[in-house]
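Here are my comments on the protein–DNA contacts, set out strand by strand. Please read them with the coordinates open.

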Amino acid sequence: MKKDFKILSNNFKGPLNLYLTISSGQTSQPAWLKKNGYFHEMIIVDDKPCLIKIKSGNLEGPLEVITESSEKFEIKAIKNQINEIFGLNDNLDKLYEFLLNDPKLEPTIEFCRGLRLFKAHNPFECLIASISSANNSIIRWNRSIQLMKEKWGNEYQFPSGKFYIFPDPEKILQVPEHEVEELEICGGEKNLEECVNNLKSCGVGYRGKYIKQAARMVTKEINFNEVMKMGYGEAFQALLQIPGVGPKVADCILLYGFGMEEAFPVDIWIKRIICELYFNGKEVSVPKIRLFGIEQFGEYAGYVQLYLFHYARKSGLLEKLRPRNKL
DNA sequence: ACCCAGGCGTCAG
DNA sequence: CTGACGCCTGGG
């Protein structure tokens with residue numbers, strides 16, 4: 001069953017650059033598949049799989065959405081999810097007012113106009129993606145997540161192609177961590193090279209152990225629904241209990257997975273950028289940068305982090321801050 | 001063509 | 001605080 005509709009720009013505040021939002025490498029989910037001018041992804045609406053195809057002509061134009069599914073849906077429910085995922089509930093006009101008041105942030109606007117937080121559509125996938133992103137590159141963790149979906153996620157066929165749901169925690173718990181464990185389980189039926197049905201085979205390296213432990217915690221000690229109801233500070237502490245989750249990853253999960261926009265994830269690049277812009281290039285520790293961001297940027301901290309990074313990348317500041325380019 | 005040092009965030013020591 | 005962790009990248 002196909003359905004199409006538009007989301008007009010008077011339904012959200014400020015510009016929207018869909019391409020930038022999906023493609024800027026935000027840590028919560030891999031970029032959506034681009035085919036025939038539409039971004040594609042399968043999401044769960046009312047517990048049922050629904051393929052979303054989405055595009056927008058320009059910054060001011062409407063979002064065009066086509067859905068494919070064998071199930072019936074309320075359009076309203078699909079719209080609500082799309083609004084969540086692409087940050088359409090965020091008021092960018094107000095954000096830009098805030099950025100304009102800070103000379104260090106004002107230049108980010110022209111580089112990032114219409115860029116929004118690309119929120120996760122699946123909190124558990126966001127957790128595993130964020131753990132996988134630690135000490136890793138964007139393409140590598142994107143590939144890992146895609147492999148996990150193809151190996152262990154339920155497959156659904158739509159007119160526009162095959163899509164997979166990210167496997168649930170119970171499924172991840174059944175998966176062997178590495179080749180050796182897989183070999184033991186099959187009892188010598190295969191040789192080591194044939195063991196490609198384990199976490200390590202997805203290119204996650206030593207993170208396989210964390211991923212399994214995290215999946216176990218989510219089924220036992222940690223209830224995401226409860227974390228979601230906590231205030232930011234308490235939720236941050238709760239997530240730190242999960243193996244593989246440090247301050248940076250916890251903030252990514254809170255920001256992208258739970259929509260807490262006062263989170264300020266600090267990676268090495270944000271640290272360098274903040275030190276350069278706000279501390280005259282003086283070395284300041286990551287935890288201090290995080291507290292500085294939370295204090296200084298408040299409810300806009302998540303957006304400031306996104307805008308500073310993209311701005312630095314596009315303006316050449318990032319290259320300048322690369323250690324070997326510093327003379 | 002090939003190799004190997006560098007870099008990413010978290011954990012354990 | 002420092003080093004180890006796995007893997008890809010990119011400079012030599």
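1. In this predicted model, a polar side-chain atom of Tyr206 is placed 3.1 Å from a base nitrogen of DNA strand B. Two elements, α12 (247-257) and α13 (268-278), each give two or more residues to the surface near that strand.

2. The phosphates of DNA strand B are also contacted: a polar backbone atom of Val249 lies 2.9 Å from a phosphate oxygen of this strand, and a polar side-chain atom of Arg272 is found 3.3 Å from a phosphate oxygen.

3. Taken as a whole, the surroundings of DNA strand B comprise 18 residues, of which Asn135, Gly244, Val249, Asp267 and Ile268 are the closest. Of the strand's atoms that come within 4 Å of the protein, 63% belong to sugar and phosphate. By residue class, the surface near DNA strand B consists of 10 nonpolar, 4 polar and 4 charged residues.

4. Turning to DNA strand C, there are 8 residues around it, with Asn135, Ile139, Arg140, Gly205 and Tyr206 coming nearest. Here sugar and phosphate make up 73% of the strand atoms that come within 4 Å of the protein. The surface near DNA strand C contains 2 nonpolar, 2 polar and 4 charged residues, and helix α6 (residues 138-152) gives the most to it, with 3 residues.

5. Two base contacts to DNA strand C deserve inspection. A backbone N or O atom of Asn135 is 3.1 Å from a base nitrogen of the strand, whereas for Arg140 an N or O atom of the side chain lies 2.8 Å from a base oxygen.

Terms used. Residues are numbered from 1 along each chain as its sequence is written. Chains are lettered from A and ligands numbered from 1 in the order in which they are written. This is a predicted model: local features need pLDDT of at least 70, side-chain atom pairs count only at pLDDT 80 or more; totals for chains, interfaces and linings use all residues. Side-chain values use heavy atoms; hydrogens and water are left out. A residue is near a molecule or strand if one of its heavy atoms lies within 4 Å of it. A polar contact is a pair of N or O atoms within 3.5 Å; within protein, one must be able to donate a hydrogen and the other to accept it, and residues adjacent in sequence count only if both atoms are side-chain atoms. Helices (H or I, at least four residues) and strands (E, at least two) are DSSP runs, numbered from the N terminus. Ala, Val, Leu, Ile, Met, Phe, Trp, Tyr, Cys and Pro count as nonpolar, Asp, Glu, Lys and Arg as charged, and the others, Gly among them, as polar.
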